[in-house]
Amino acid sequence: MLDLGHSFLASVARDPDALAVVDGDVRLTYADWYARISAVVAHFDELGLRPGDHVLSVLANRYEAATLHWACQFAGLIITPLNFRAKPDEIDYAVEDAEIRAIYFEDAWREAVEASEKAKAVPALSVDGEAFKGVLAAGAPKAEPRVGADAWSVMLYTSGTTSRPKGVPRRHRAERAAAIAHVAQNVYGHGERTLGVMPLYHTMGVRSLLAMSVIGGAFVCLPRFAPEAALGLIAKEKITNLYLVPTLYHDLVHHPKFAEADVSSVRKLGFAGASMTDGLLKRLDAAFRPDLFVNHFGSSEIYTFTVDQNAIAKPGSAGRAGINQIIKVVKLGATGPDDLAGPGEEGEIIALLAGDEAFEGYWKRPDADAKSLRDGWYFTGDSGYFDADGDLFVVGRVDDMIITGGENVSPIEVESCLSLHEAVADVAVVGLPDERWGKIVAAFIKRSKPIEAAELDAFCRESGLANFKRPRRFVFVDELPKSPVGKLLRRKLTAGDYAPESDPPSKESAA
């Protein structure tokens, strides 16, 4: 298996004059992009960075972020992207946990980076500054790959049932295998163009970036999702495929200007990150009439679990195992991979760790490894079942994680925040179905004194809780459902029999 540096060199050799990346007025061929990537590698050398060092990025999807990603692959550095909405304490955690040696950010997020105490100990560069612009403009010798396929490539952070994120380190060979699988499973052809809007701190964004390089395709950057801007880029750049979370598709087809937009170039749709409602599936199929409509189910740890290349034919189905994977459904609470659930029986979905796309364990988290890695299988924490045809249906998270707009939200973290308010006697947070977001974060509150939803929403804002984690609905109840031993029964909260509810706060993009 090639390392990613050599993989990019092969793309340059095959398609030197093909369009590789677009970001506003920036339009680079593979040959031109390689020159700028080489300049960043030379810059890394000036900073004294060495193979195996971690580089933190706090960037939206702009061409500088994509360039940093590729430069790290050549230099043997481990690109460690963080959600650009990260708070200072989250940056502190990542800097310390990953032993970060350099930070790259954009001016929009300068305040959070500069407020991070840990970030002060390492070089931090704004990609909007003249210094970094000078780096990109400088000439440099052509970079040669410095590591092999077994070297670490990227480390993504994924939320768990606690508020402490888990680092997911992945090797070059696993990343390239996932990119090739993405090309095959989405039937991408030479010279495709994709909308690069899924963030590069998310496995979907990374996969789109790498997959385009394999086929001499173009990664068209959209730093922040806005439906009108997305529709404009689709038409202007003749985007051929979309790979988005359902929330973004919802916003596209429900935008007032969608009816008049030219989306005829889009022939392939793919979605992942959350479930898609039947209504949205049908609306997208009618709106785009795609040649291919793929439901992809996977994770940061193992990119592909299953795919369904005809999502509209069996709504809700996640299909069958991807080309690099074998999956099983074991009984809930199973300790090993052989305690299988029967057809139609909900259990935990597990995936084979021997697959080419798989990670090997969490970064410095033996506790997480012990929970999730057993006898050569990855216990995903997702629950689901096989139907009579052998197709997988995903029900939710075993550990009650809420996936909203493709982002993971830990109920415990939100509950911890709300529990600090003096008017909250008890609280439980769950995900409720929503056509736009897949799930919305809902907080069921037992009050100790009068309080309104708007006040609690303001409290969450002021506490520093990330916007996409804030509840979109508050429901006030007399008691929370609990078992005889006091265990919260979250599933009863999703049954819809706890009312009345307040008007939800205004929604903000979680994408």
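Student: Which residue stands opposite Ser 126 in β6?

Tutor: Phe 105 stands opposite Ser 126. This is a predicted model, where local features need pLDDT of at least 70, side-chain atom pairs count only at pLDDT 80 or more, and totals for chains, interfaces and linings use all residues. Residues are numbered from 1 along each chain as its sequence is written, and side-chain values use heavy atoms, without hydrogens and water.

Student: What do names such as β6 stand for, and when do two strands pair?

Tutor: Helices (H or I, at least four residues) and strands (E, at least two) are DSSP runs, numbered from the N terminus. Two strands pair if DSSP finds at least two bridges between them. Now the case here. β5 (residues 100–105) and β6 (residues 124–126) run parallel, joined by 3 bridges. β3 (residues 54–58) also runs parallel to β5, with 5 bridges. One bridge there links Leu 56 to Ile 103 of β5.

Student: How many residues of β5 are buried?

Tutor: Buried means under 20% relative accessible area; exposed means over 50%, and partly exposed lies in between (1.4 Å probe, protein chains only). In β5, 5 of the 6 residues are buried, and the strand is mostly covered.

Student: Which way do the side chains of a strand point?

Tutor: In a regular strand they alternate between the two faces of the sheet. Take β4. Ile 78 and Thr 80 point one way, while Ile 79 and Pro 81 point the other way. All of these are buried. β4 pairs with β3 in the parallel sense over 4 bridges. Pro 81 is the bridge partner of Ser 57.

Student: What lines the second largest cavity?

Tutor: First, the general idea. On a 1 Å grid over the protein atoms alone, a cavity is a set of points where a 1.4 Å probe fits but cannot get out. A pocket is an open set with protein on both sides within 12 Å along at least five of seven lines. Lining residues have an atom within 4 Å of a point. Grid points are joined across faces, edges and corners, and a volume is the space filled by probe spheres set on the points.

Now the case. There are 4 cavities of 30 Å³ or more. The second largest has a volume of about 100 Å³. Its lining includes Ser 57, His 69, Ile 79, Pro 81 and Tyr 201. α3 (63–75) and β4 (78–81) each supply at least two lining residues.

Student: Which helix gives the largest share of the lining of the second largest pocket?

Tutor: Helix α5 (residues 110–115), with 3 residues. The second largest pocket holds about 170 Å³ of space. Among its lining residues are Phe 84, Arg 85, Trp 109 and Glu 111.

Student: What is the strand order in the open sheet of 3 strands?

Tutor: The order is β23-β24-β25, with mixed pairing. β23 and β25 (473–476) are the edge strands, each pairing on one side only. Axes are lines fitted to C-alpha atoms, for helices over the stretch in contact; angles run from 0 to 180 degrees between N-to-C directions. Neighbouring strands of this sheet are turned by 25° against each other on average, direction ignored. β23 (residues 424–434) and β24 (residues 438–447) pair in the antiparallel sense over 10 bridges. Gly 431 has Val 441 of β24 as its bridge partner.

Student: Which strands does helix α13 touch?

Tutor: α13 (residues 411–419) packs on the sheet and touches β23, β24 and β25. Its direction makes about 145° with that of β23. Helix α14 (residues 453–463) packs on the sheet too, touching β23, β24 and β25. The direction of α14 makes about 125° with that of β25.

Student: Why do the buried residues of α14 line one face?

Tutor: An α-helix has 3.6 residues a turn, so residues three or four places apart point the same way. In α14, Ala 453, Leu 456, Asp 457 and Cys 460 are buried. They fall within an arc of 100° seen down the axis, so they line one face of the helix. The arc is that of the directions from the helix axis to the C-beta atoms. Exposed Ala 454 and Glu 462 sit on the face turned away from the buried side.

Student: Is Val 429 buried or exposed?

Tutor: Val 429 counts as buried, because its relative accessibility is 0%. This residue is found in β23. Contact means heavy atoms within 4.5 Å. Leaving aside neighbours within four places in sequence, the contacts of Val 429 include Pro 411, Val 414, Val 441 and Arg 490.
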